[in-house]
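Student: I have a structure open and would like to talk it through with you. Could we go over it in questions and answers?

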Amino acid sequence: MKATWLKKGALFALLLVGLLVFTQTPAAAQGPQIAPPRDEGARGRTPSLATSDVQMRLFRFLGTGRVSGTVAYEDGTPLVGANVVLRHIFAGAALHARTNENGAFTIERVPAGTYTLQIRPGKQTDYAPAFYDGLIEVGFGESVEGLNIVVDDGARISGTVLFDNGDPVPRVMVVAVETGLGVVRHTRVNEDGTYTLERLPDGEYLVFITAASRRAHGVLFYDGTPSPAEATPIVVSGNDVEGIDFTVPRPVHTP
């Protein structure tokens, strides 16, 4: 008899926790929130939307669906060890998997909902971030299969950063931001004033330079404005973009 009551009590506690969590105002009711862009190449982290620890644990515990597919290069070669990220569009919670030797992946225990699917590269990878075309709808207990993604080495944006007298500008960071995809790339200007941003997926980028010391040069967007609202966007669509050049006034040195 005592064991029976203990089982009933445990079941009641579990149901109560679930009720308390799911009767809170969900993120979906507030509309989707926009997270800041991440630096795919630098840290490989994604800022998550606000989700409590309890919600995150129940999100995984209650999942019963399955999502699977393959990842390959353009020539059909399987991509081994790729980081596959399945992200709920409202809760912001993400589930991860790695592709096997055949480029296949399976994500288990996926709760019902709407998701995006991304292939996220690491620091040493030779491919750009890739995204499944469209949203993925997972029903309760449903298996979604055949999600095949092709990756490539991406495009490049290149140019020069020079003083107004033609000398190269030293120690300057060049940054490209694609807010729609959440992709950020950055690099340092070479000694001759040239730079190249690599592994860029298709998208519309804002490119700007920022010096090690903001007092020296500040932030300058392409084409020649300090304001992102007035910046000229750079469209990448399967092509390399050259000639994104910056001209910086040389600081006046006073004795």
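Student: Let's start with D240: is this residue buried, partly exposed or exposed?

Tutor: Happy to, and please keep in mind that this is a predicted model. The relative accessible area of D240 is 43%. Buried would need a value under 20% and exposed one over 50%, so D240 counts as partly exposed.

Student: Which residue meets the side chain of D240 in a salt bridge?

Tutor: The N to O distance in this salt bridge is 3.9 Å. D240 sits in the loop between β16 and β17 and its partner in strand β10, so the pair ties together parts that are 84 residues apart in sequence. The partner is R156.

Student: Which residues make up the network of salt bridges that share partners?

Tutor: R156 also forms a salt bridge with E198, where the closest N and O atoms are 3.6 Å apart. That pair links strand β10, which holds R156, to strand β13, which holds E198, across 42 residues. R156 has 31% relative accessibility and counts as partly exposed, and E198 is partly exposed at 43%. With the salt bridge between R156 and D240, the network consists of R156, E198 and D240.

Student: How many bridges pair β10 with β13, and how many join β10 to β17?

Tutor: β10 spans residues 155-163 and pairs with β13, residues 194-200, in the antiparallel sense, with G159 opposite Y195. β10 and β17, residues 246-248, run parallel, and V161 has F246 as its bridge partner there. The counts are five bridges with β13 and three with β17.

Student: Which salt bridge ties strand β5 to strand β2?

Tutor: The structure holds three salt bridges. In the one in question, the N to O distance is 3.0 Å. One partner lies in β5 and the other in β2, so parts 42 residues apart in sequence are tied together. At 36% and 37% relative accessibility, E108 and R66 both count as partly exposed, and the salt bridge is the one between E108 and R66.

Student: R109 and R199 have a positive phi; which of these is buried?

Tutor: Phi is about 55 degrees for R109, in β5, and near 55 degrees for R199, in β13. R109 is partly exposed at 43% relative accessibility. The other residue stands at 15%, and the buried one is R199.

Student: Why is strand β14 described as largely enclosed, and which strands does it pair with?

Tutor: Seven of the nine residues of β14, residues 203-211, are buried, so the rest of the structure largely encloses this strand. Six bridges join it to β11, where A176 is the bridge partner of V207. Y205 partners I234 in β16, and I209 partners L220 in β15. All these pairings are antiparallel, and the strands are β11, β16 and β15.

Student: Where is the cis peptide bond?

Tutor: Omega is near 15 degrees at this bond. D223, one of its two residues, is placed in the loop between β15 and β16. The cis bond runs from Y222 to D223.

Student: What kind of charge gathers in the surface patch that includes D152?

Tutor: D152 is in the loop between β9 and β10, and at 32% relative accessibility it is partly exposed. The other members are E74, D75, D126, D153 and D202. The charge of the patch is negative.

Terms used:
Residues are numbered from 1 along each chain as its sequence is written. This is a predicted model: local features need pLDDT of at least 70, side-chain atom pairs count only at pLDDT 80 or more; totals for chains, interfaces and linings use all residues. Side-chain values use heavy atoms; hydrogens and water are left out. Two strands pair if DSSP finds at least two bridges between them. Helices (H or I, at least four residues) and strands (E, at least two) are DSSP runs, numbered from the N terminus. Buried means under 20% relative accessible area, exposed over 50%, partly exposed in between (1.4 Å probe, protein chains only). Patches are made of residues with over 30% relative accessible area and no salt bridge: like charges are joined within 9 Å, nonpolar side chains (Val, Leu, Ile, Met, Phe, Trp, Tyr) within 5 Å. Accessible areas come from the Shrake-Rupley method with a 1.4 Å probe; for residues, only the protein chains shown count as cover. A salt bridge is a side-chain nitrogen of Lys or Arg within 4 Å of a carboxyl oxygen of Asp or Glu. Lys and Arg count as positive and Asp and Glu as negative; His and the chain ends are not counted. The place of a charge is taken as NZ of Lys, CZ of Arg, CG of Asp or CD of Glu.
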